[in-house]
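Biologist: Hi! Could you pull up the model so we can go through it together?
Modeller: Sure, here it comes.

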Amino acid sequence: MNAAQLRRVNVESFAHYRQGLIDLLLDAVGYGASVGFMADLDATQARAYFDEVQENLNKGNVLLWVVVKDEQVQASVQLTLCQKANGLNRAEVQKLLVREHARRRGLGQQMMHAVELAARQHKRGMLYLDTEAGSPPKTSTRRWATPAPAKFPTTPATRTASTNRLPFTTRFSKEPIDDSR
């Protein structure tokens with residue numbers, strides 16, 4: 001059995017990981033992750049979502065990582081690079097997902113380190129991540145960044161998968177680490 005490996009997914013390797021990413025998203029939403037999908041997310045919707053991810057990967061707007069063990073996707077994270085002229089200094093961490101059976105093994109922390117390094121390489125001085133207020137990922141995210149002083153209401157389209165209620169989100173932000181010092 002191989003150790004879990006962090007890999008950067010590029011345009012050429014995306015097809016290799018696509019089904020594993022779809023399965024990971026279905027697993028995460030199935031276990032109640034609040035990542036922008038309803039509880040009834042199905043494989044067709046997940047495939048359509050990853051078609052969009054692939055399109056943005058092709059454009060260079062999104063960076064994508066997976067953690068694999070025995071060639072099975074265990075976790076993933078995306079870094080969306082803001083393309084607005086006044087936002088070229090920031091990026092958003094999105095879809096930080098870890099399979100239910102692989103949680104609490106440091107995979108999220110490993111991915112966030114990679115995200116920070118990539119943000120620095122892309123000259124992004126501010127990273128941010130939105131998460132549902134009070135959700136379990138919020139606890140681990142606190143170790144990574146500082147929460148903004150306010151909670152933000154979500155829109156009706158972002159009701160949580162497990163309860164179908166409108167949650168508040170908490171925005172976390174951070175300057176990327178500087179390994180050059």
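Biologist: Which hand does the crossing of α1 and α2 have, left or right?
Modeller: The crossing of α1 and α2 is right-handed. Keep in mind that this is a predicted model.

Biologist: Got it. At what angle do α1 and α2 pack?
Modeller: About 135 degrees between helix α1 (residues 14–30) and helix α2 (residues 43–59), with the axes 9 Å apart. That angle makes α1 oblique to α2.

Biologist: Nice. Which residues in α1 and α2 meet?
Modeller: From α1 you have F14, R18, L21, I22, L25 and L26. On the α2 side they meet A43, A46, R47, Y49, F50, D51, V53, Q54 and L57.

Biologist: And how do the residues of that contact divide into nonpolar, polar and charged?
Modeller: Eleven are nonpolar, one is polar and three are charged.

Biologist: Switching topic: where is R105?
Modeller: R105 sits in the loop between β4 (90–98) and α3 (107–121). With 57% relative accessibility, R105 is exposed.

Biologist: What does the side chain of R105 reach?
Modeller: The backbone oxygen of H101, at 2.9 Å.

Biologist: Now the backbone angles. What is phi of D70?
Modeller: Near 55 degrees, so a positive value in a residue that isn't glycine. D70 lies in the loop between β2 (62–69) and β3 (72–81), and D70 is partly exposed at 39% relative accessible area.

Biologist: And what about phi of K123?
Modeller: K123 has a positive phi too, about 60 degrees, and K123 is not a glycine. You'll find K123 in the loop between α3 and β5 (126–132).

Biologist: Is K123 buried or exposed?
Modeller: Exposed, with a relative accessibility of 68% for K123.

Methods
Residues are numbered from 1 along each chain as its sequence is written. This is a predicted model: local features need pLDDT of at least 70, side-chain atom pairs count only at pLDDT 80 or more; totals for chains, interfaces and linings use all residues. Side-chain values use heavy atoms; hydrogens and water are left out. Axes are lines fitted to C-alpha atoms, for helices over the stretch in contact, and angles run from 0 to 180 degrees between N-to-C directions. Helices (H or I, at least four residues) and strands (E, at least two) are DSSP runs, numbered from the N terminus. Angles under 35 degrees count as roughly parallel, over 145 as roughly antiparallel, 65 to 115 as roughly perpendicular and the rest as oblique. A crossing is left-handed if the near helix is turned anticlockwise from the far one by less than a right angle, and right-handed if clockwise. Contact means heavy atoms within 4.5 Å. Ala, Val, Leu, Ile, Met, Phe, Trp, Tyr, Cys and Pro count as nonpolar, Asp, Glu, Lys and Arg as charged, and the others, Gly among them, as polar. Buried means under 20% relative accessible area, exposed over 50%, partly exposed in between (1.4 Å probe, protein chains only). A polar contact is a pair of N or O atoms within 3.5 Å; within protein, one must be able to donate a hydrogen and the other to accept it, and residues adjacent in sequence count only if both atoms are side-chain atoms.
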